[in-house]
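Welcome! Here are some exercises for getting to know a new structure, each with a worked solution. Take a look at the model first, then try each task before reading on.

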2 protein chains.
Amino acid sequence: MLSDPFKSHFLFLILSFSLCVSQTLALNSVPEPDASALTYLWPLPSEFTSGNRTLSVDPDLSLAVAGIGGNSAIVRAAFDRYRAIIFKHTSGISIFSRFTGRSSVYDITKLKIIVNSDNEELQLGVDESYTLFVSKNDGKSIIGEATIEANTVYGALRALETFSQLCSFDYGTKSVQVYKAPWCIRDKPRFAFRGLLLDTSRHYFPIYVIKQIIESMSYAKLNVFHWHIIDEESFPLEVPAYPKLWKGSYTKWERYTVEDAYEIVNFAKVRGINVMAEIDIPGHAESWGTGYPDLWPSTSCREPLDVTKNFTFDVISGILTDMRKIFPFELFHLGGDEVNTDCWSSTPHVKQWLQDRNMTAKDAYKYFVLKAQEIAISKNWTPVNWEETFNTFAENLNPRTVVHNWLGAGVCPKAVAKGFKCIFSNQGFWYLDHLDVPWNEVYTAEPLEGINDTSKQELVLGGEVCMWGETADTSDVQQTIWPRAAAAAERMWSRRDAISTGNIALTALPRLQYFRCLLNRRGVQAAPVTNKYARRPPTGAGSCYEQ
Amino acid sequence: MLSDPFKSHFLFLILSFSLCVSQTLALNSVPEPDASALTYLWPLPSEFTSGNRTLSVDPDLSLAVAGIGGNSAIVRAAFDRYRAIIFKHTSGISIFSRFTGRSSVYDITKLKIIVNSDNEELQLGVDESYTLFVSKNDGKSIIGEATIEANTVYGALRALETFSQLCSFDYGTKSVQVYKAPWCIRDKPRFAFRGLLLDTSRHYFPIYVIKQIIESMSYAKLNVFHWHIIDEESFPLEVPAYPKLWKGSYTKWERYTVEDAYEIVNFAKVRGINVMAEIDIPGHAESWGTGYPDLWPSTSCREPLDVTKNFTFDVISGILTDMRKIFPFELFHLGGDEVNTDCWSSTPHVKQWLQDRNMTAKDAYKYFVLKAQEIAISKNWTPVNWEETFNTFAENLNPRTVVHNWLGAGVCPKAVAKGFKCIFSNQGFWYLDHLDVPWNEVYTAEPLEGINDTSKQELVLGGEVCMWGETADTSDVQQTIWPRAAAAAERMWSRRDAISTGNIALTALPRLQYFRCLLNRRGVQAAPVTNKYARRPPTGAGSCYEQ
């Protein structure tokens, strides 16, 4: 598939970059909202220039690949997905035109994708940068049509998303157009970890729905699906080593098989999204005991898990061994939040165990968390823990621990000051079940707030929006996630200086409304942007672009 | 594709019917709710028997067709769709099993579909009846495995839906099972017209979303998509004869091309669903004047449409000519509701026109509706009008008029008494935007209420649930439609005596909850069934099957 022009694609790249630079007069500027221009991108690319030409895109757009990583199944599948998205509105037209004998000459008939590495390992910090040029090939330049260049296939996926957002269906010509061409975009994410948590314990989500959510994440360039699989309410996952665990599911139909989990991981991977699994221990684990009541300190004390028994840690080790086969991501979440140890102290055998070791219940909480960390590390995982572990015994935490903030402001600054990595999920802004947080507060929450030292800033891996499931099920989860998750996504992807100045009602809101309507067109149930409360229906008739 | 056993399929059918009858000891009974049995069907078939065996279904289930209509593209496409639905959860398993060397012998490896007519015209009253047998072929009987017989492809589609509902994924064996086999089902709808209205004027719905809604309708065996395309707020449809009309769309991106409309009609047809288009005149038509201001009596009187001008009726005729090419269904909805003629009387040229003709404004309303009916009839359409037309001038309405009830009870009895056909949509029960109507009130609303004469009952074509769009957009439309539309769907499909007796909290609710979870599994955002108000999120953690 190496076509002639690509034989010297290194020369091409040098030329194209210099052309891009020569066009960067408008670089760094945020476009003025102008509904007629239709060139809104979300999240905002790192650097871009645009022109004032309108180009038509051939519905039979073809793919040409180059570079040692170009001939990748991931790239080809993504091209097919995006072609279906871009031409969603024109499938009928294309056939119709053939009947009516209409014919067209299109400005863009080919998309060239160059991938410079064939390493498809998807790990934290994988290179997601890309360059995207869209211009008309006038025969004079070797740069023409649409060209993507990336170091990895994952950068190419991000570029495809951007390209798809440049394409819009024009009802006048009944064809797909790119406005404001030529486009010259150089883009990369600000943070390596841009997550969304989904809680499948409070409500079960069918795997089809989980896939829809993962697919929609890719539209906003989010890249970590934090799967909060299990909690006190239900244990839906199959664990071969302990086959009674999923007796803790709500019903026998609300379960995930091992194969389901593999399928979700693979579905996410080919969209450049890692899956970070979580088992939230020792609290939030009552459902474990449905299958194995020995995990409960007693029938009246069902969580935290019984700290005194080897069996408890055998089960944890068994789960982690089984999960290690499924989840290749280097981060594994061990929970550790909201551990109420009261009933440990009132359960005779646990009380005795504590006395024998001269431990307080708080000591036992630390003991539990550290022992679980050791198990995870022994299986070559980097442990992530909710911030209570750091708040309670920072000095004992394994130094590889990633601290996951949620309770409030100021935790990441403290964690990175002590050398820990940190993930920002301040519940006041990035807990999606907090319905009274409007889009602009989600948007302006800043993971680096209070961290001024560049070397410390680098310890903030990124952030995560959290979709806790108490009132979110299949019927309403997408509209609770979107559009506010997109506000956080731009915060995590785009340059801080580009999105933190100016009046966001002008620089961000119209683009976010456009992105929300784009999600709707793609079948994602994103709610109106300017609702006072999240996920509420529109208050009256009106255009998607104004609600 | 005619396999040997089908060469004598008429003999086969006679035998199979008699077998079915010989098994009808349990016929007419409503199954007791029993979560472990997993054999809930929605809507309830007309007649059925079941047994106590569990049969496994081959993920490589094959299709065999017979009958002069069996070799239909509609049947083959539907089989592929349903195979994807039935084995949604097992695609990973199947591949996994190959790797692990597991192998299975399945009870059901083939689905036989016999269609007795090759007439694929889809009109009101098309034969949707079918017979479905599911039993293990033990070598003794010529009836074995799964067999569908129908007079038309549309009956076969209904049977495929029923078959898919009999199949459920078993997490123990990780395979698809049919419980309570053998099944012997003979089924047909009670009403010919089982509709859902979607309003694409108050909010624009992308065609992808409209398709999702139509697809979900087929799961509940609804068969008329009433497309309320245009209203006063926006005019999204392209009309080639009057190309400025869709200037009345909200934005240039919230439009439907002629090709989109064709695509929707075809998408619906292959699911056995007719599309009934509506232009709501002379009220509810302000948006028409954005492109053609002459349609407004004046800039301060923008609706009802100007009754005095030939141009008004030329435009209506032009729209209907263009629409006739797109919509083959024999019914066309001309609206006619909520016509406030006040501003006609205060617009000088209209007032003069009325005076010249010695007409009241009410006379002019009648004149307008009857003239529009004539135009529709001249284009070989049967006109449907909202009940105000009947309430105001029943004696003048064209006798072919179908009266569409909405304001309240008692209208269909009056309409059929005068010989008109009628559609039941009593807003107190079947307007889905009325969020305070719980599922049981939707379920018990009866289209034949107050009509005891069998010959008059036959004039009630059926009913329709109405999804008005003021507070429904892409984000919330499916959860507003479902599950309550399903309650009406069973009312319209199933035998009145089978669903109108007993305690519906036992006979219907568990099946409806199961159907709601089935919709969720298929990716449809059906809301919890027992919410006090429709489309509200679940009030707390819990199983789909109990909310």
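**Exercise 1. How many salt bridges does the rule find across the interface of chain B and chain A?**

Solution. Before you start, keep in mind that this is a predicted model.

Step 1. Decide what to look for: a side-chain nitrogen of Lys or Arg within 4 Å of a carboxyl oxygen of Asp or Glu.

Step 2. Apply this across the interface of chain B and chain A, and the rule finds 6 salt bridges.

Step 3. Look at one of them. A:Glu259 is joined to B:Lys174, and their closest N and O atoms are 2.8 Å apart.

Step 4. Widen the search to polar contacts. Between chain B and chain A, 25 residue pairs are found, with both residues at pLDDT 80 or more.

**Exercise 2. Describe the contact between the two chains, from its extent to the elements that build it.**

Solution.

Step 1. Start with the residues: chain B gives 67 residues to the contact, and chain A gives 67 residues.

Step 2. Turn to the area. About 5,000 Å² is buried between chain B and chain A, and carbon and sulfur atoms give 58% of it.

Step 3. Find the residues of chain B that lose the most area to chain A. These are B:Tyr171, B:Trp253 and B:Glu259, together 16% of what that side buries.

Step 4. Name the elements. On the side of chain B that touches chain A, two or more residues come from each of α3 (91-100), α5 (207-219), α6 (258-269) and α21 (509-521) of chain B. The largest share, 5 residues, belongs to α6(B).

**Exercise 3. Work out how chain B and chain A are related in space.**

Solution.

Step 1. Recall the general idea: two copies of a chain are related by a rotation about an axis and a shift along it.

Step 2. Put in the values. Chain B is superposed on chain A by a rotation of 180 degrees with 0.0 Å of shift along the axis, at an RMSD of 0.0 Å.

Step 3. Name the relation: this is that of a two-fold axis.

Step 4. Locate the axis. In chain B, the C-alpha nearest the axis belongs to B:Asp476, 3.9 Å from it.

Step 5. Compare the contact surfaces. Both copies use the same surface, as 100% of the contact residues of chain B recur in chain A.

**Exercise 4. Trace the open sheet of chain B and find its edges.**

Solution.

Step 1. Read off the order. The 8 strands of this open sheet are arranged as β1-β8-β4-β5-β3-β2-β7-β6 in chain B, with mixed pairing.

Step 2. Go to the ends of that order. In chain B, β1 (47-49) and β6 (167-170) each have a single partner strand, so one side of each has no neighbour in the sheet.

Step 3. Add the twist, which averages 30 degrees from one strand to the next.

Step 4. Examine one parallel pair. In chain B, β3 (residues 108-115) and β5 (residues 145-150) are joined by 5 bridges. Within this pair, B:Ile114 stands opposite B:Glu149 of β5(B).

Step 5. Place a helix on the sheet. Helix α2 (residues 73-86) of chain B lies across β2 (53-66), β3, β6 and β7 (175-181) of that chain, at about 160 degrees to β2(B).

**Exercise 5. In chain A, which strands pair with β2(A), parallel or antiparallel?**

Solution.

Step 1. Remember that strands of a sheet pair through backbone hydrogen bonds, either parallel or antiparallel.

Step 2. Take the antiparallel partner. Strand β2 (residues 53-66) of chain A pairs in this sense with β7 (residues 175-181) of chain A over 4 bridges. There, A:Leu55 has A:Val178 as its bridge partner.

Step 3. Take the parallel partner. β2(A) is joined by 6 bridges to β3 (residues 108-115) of chain A, and A:Val65 stands opposite A:Ile113 in β3(A).

**Exercise 6. Find some special backbone spots in the loops.**

Solution.

Step 1. Look for cis peptide bonds. One runs from A:Ala181 to A:Pro182, with omega near 0 degrees; A:Pro182 sits in the loop between β7 and β8 (183-187) of chain A.

Step 2. Visit chain B. The bond from B:Trp42 to B:Pro43 is cis, with omega near -5 degrees, and B:Pro43 is found in the loop between α1 (9-22) and β1 of chain B.

Step 3. Check phi. A:Lys174 is not a glycine, yet its phi is positive, at about 55 degrees. A:Lys174 is placed in the loop between β6 and β7 of chain A.

Methods
Residues numbered from 1 in each chain as written. Chains lettered and ligands numbered in written order. Predicted model: local features only at pLDDT ≥ 70, side-chain atom pairs only at ≥ 80, totals over all residues. Heavy atoms only, no water. Least-squares fit on C-alpha atoms with pLDDT ≥ 70 in both. Contact = heavy atoms within 4.5 Å. Pairing = 2+ DSSP bridges. Axes fitted to C-alpha atoms, helices over the stretch in contact; angles between N-to-C directions. Buried area = accessible area lost by both parts, 1.4 Å probe. Polar contact = N/O pair within 3.5 Å; in protein donor to acceptor, adjacent residues only side chain to side chain.
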